[in-house]
Every structure is written in C-alpha cells, then in structure tokens.
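Please look through the sequence and the model below before reading on. The paragraphs after them explain how the parts are arranged.

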Amino acid sequence: MLASKRLISMGLNDDWQFEKEFRQLAGVGIVCFDHSVTWKFWLRYYVEQVLRLRWGRLARYLDYRWFFSRPGVEHQPIRIGYDQPGEVSVKGLLKEFSEDNIFLKIDIEGSEYRILDDIVKYSNRFTSVVIELHDIDIHEDRIRRFVEGMSNFSIVFLHPNNFGGTDDQGDPLVIEMCLVRNDLLDPAAPGETRPELPANTSRLPDIELRFAPVGISSTVGPRRDLTA
C-alpha cells in the first residue's frame, strides 16, 4: 500500500470505508468509478432506509459529500468496461492516470471479466490488485488464466464472500482476492500466522475454502479440485 502512488477504485455503492482508510494511511490521490451512484441512487437509498427505520444511515450521503470533496479524492460516475460514451477501459484509465505504482481495487459485480486481460497486460503498472470475483463456478478457466498471467504477483489473501452463496459442492460462488507484486513482498517469517477475517455477514454461515494437498497441481486458482 505504501508503495502506491494512486488508488483506482472500481465499484463504490454506499461503502467507501476502504478508500477512507487508504487515504489516511497512504495519503495519495484516489479516484473511484461507479456509474450507478447518482442522485437517483441516493433517492432510492433514503426511501429504503426510512421504510426500514434505519435512522443511523441517513447521514451516509453527507459523509459521501464530505469525503469526495477532499483534495485529490474524486468519484466519477462512469462504467468500467470499454472505451465508449459513458464507459472507460483499463487501457483508457492508464492513459489518463499516467503514473506507475497504482493500487487497483475492483468490485463491479461480474463486469470484472471484461477487464481481466487488460489487468494482466498492464500488470507492471500496479502494486496490488484487490478484486472480487463473481460466479466463479462458471468462470473457473478465465480466473485460472488471469492468475497464471499475473506471474509477477503473488496471491496474499483469498476469502469467500458468504453473501454470494455456494455451489452444489459447498464451494463459494464469490471470492475476494488480493495480489501483490512480488518485488514488494517481505519474506514470510517462520511460523508467522495470518489473521482470519470474519464472514461478510453473520446472518449466514461462513464458507470454508478447501485446498488440494500440496503436489496435486502446480497451478494456483479457484478450481474445485484445488480451492473453492
């Protein structure tokens, strides 16, 4: 994170806590892309919160306005995808933001598969890639090719999102993955333990990742005989 010169965040909705903490820790420019967060989004949001008596959430818009009015922080209501009106591709973004060492965060509800090839192509421009992968049961091959293509990165974090449910084998349909460029990694200390994150929602059971024994396959990726 500290090696990053900018955060490009794809997907916002009503949660920018990651971006706020990133700004506090790294102090770099942040640009978020989400075409769905408009005045219509906030109108629907407020009606829903009032109907559900969620009074504590009514200040959310004020926090949105405060954070995205900070110098160097912006929200662009543009869809991530292709270079056409109302949309922008990864290639187009990297032309606009020409610096290297970009931290890339992606949560775009299935549209991530449109940009995986470009992330691999321009991987030398990124320090880390945090991505939520959806419907992994029908995209196993594409995810495998993506991970293999990111050969200068290592997976340092893999977490099932229990909001997304499971397939008929109990494996998650949505996973959260973080890849970090190899030259930025510190050597792991012997016996070092990694903290476990809680489930995305406590209202549903957590999902356990299943890994094949070492030596079954040399390929890392979300496949049923390797990892869920």
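What follows goes from the whole chain to the sheet, then to the cores, the helices and two loop residues.

The model is predicted. Over the protein chain the pLDDT averages 87, and 85% of the residues score at least 70. One stretch departs from this: for residues 216-228 the pLDDT stays under 50, although the model has 36 contacts there beyond four places in sequence. Where pLDDT is low, the predicted coordinates should not be read in detail.

Six helices and nine strands make up the secondary structure of the protein chain. Of its 228 residues, 42% are buried. Among the contacts between residues at least 6 apart in sequence, 68% join residues at least 24 apart.

Seven strands form an open sheet with mixed pairing, and their order across it is β3-β2-β1-β6-β7-β9-β8. Because β3 (73-76) and β8 (153-160) each have a single partner strand, they stand at the edges, and one side of each has no neighbour in the sheet. On average, with direction ignored, neighbouring strands in this sheet are turned by 10° against each other.

Take the parallel pairing of β1 and β2 to begin with, which extends over five bridges. Within this pairing, Ile-8 has Val-31 of β2 as its bridge partner. Strand β2 is mostly covered, with five of its five residues buried. Its residues point in two directions: Gly-29, Val-31 and Phe-33 go one way, while Ile-30 and Cys-32 go the other, and all are buried.

Further along the order, β9 pairs with strands on both of its sides. Strand β7 (residues 126-133) and strand β9 (residues 175-181) run antiparallel and are joined by six bridges. Here Ser-128 is opposite Val-180 in β9, and Glu-132 is opposite Glu-176 in β9. The pairing of β8 with β9 is also antiparallel and has seven bridges; in this one, Pro-160 has Ile-175 of β9 as its bridge partner. Strand β9 is mostly covered, since seven of its seven residues count as buried, a class that requires under 20% relative accessible area. From β9, Ile-175, Met-177, Leu-179 and Arg-181 point one way, and Glu-176, Cys-178 and Val-180 point the other way, all of them buried. The buried residues of this strand thus include the charged Glu-176 and Arg-181.

The next topic is the nonpolar cores. In soluble globular proteins, nonpolar side chains tend to be buried together. The largest nonpolar core in this model has 32 residues, and those touching the most other members are Ile-8, Met-10, Ile-106, Ile-119, Phe-126 and Val-129. At least two residues of this core come from each of β1 (6-10), β2 (29-33), α4 (90-96), β6 (102-106), α5 (116-121), β7, α6 (140-149) and β9. Strand β7 gives the largest share, four residues. Ile-119 shows how such a member is surrounded: beyond its neighbours within four places in sequence, it is in contact with Val-90, Leu-104, Ile-106, Phe-126, Val-129, Phe-146 and Met-150. Apart from this core lies another, of 16 residues, including Cys-32, Phe-41, Phe-68 and Val-73.

Among the helices, α2 (residues 39-51) and α3 (residues 60-67) pack at an angle of about 150°, and their axes are 10 Å apart. Where they touch, Trp-42, Tyr-45 and Tyr-46 of α2 meet Arg-60, Tyr-61 and Tyr-64 of α3. The residues of this contact are five nonpolar, no polar and one charged. In another helix, α6, lies Ile-143. Ile-143 counts as buried because its relative accessibility is 0%. Its C-alpha atom is 8.4 Å from that of Leu-116, although 27 residues separate the two along the chain.

Two loop residues remain. Most residues other than glycine have a negative phi, and most peptide bonds are trans. Leu-53, in the loop between α2 and α3, has a positive phi, near 60°. Leu-53 counts as exposed because its relative accessibility is 56%. Glu-109 is in the loop between β6 and α5, and its phi is also positive, near 55°. Its relative accessibility is 57%, so Glu-109 counts as exposed.

How values were computed. Residues numbered from 1 in each chain as written. Predicted model: local features only at pLDDT ≥ 70, side-chain atom pairs only at ≥ 80, totals over all residues. Heavy atoms only, no water. Pairing = 2+ DSSP bridges. Axes fitted to C-alpha atoms, helices over the stretch in contact; angles between N-to-C directions. Buried < 20%, exposed > 50% of the residue type's maximum accessible area, 1.4 Å probe, protein only. pLDDT = per-residue confidence, 0-100. Contact = heavy atoms within 4.5 Å. Core = buried A, V, L, I, M, F, W, Y, C linked by side-chain atoms within 4.5 Å.
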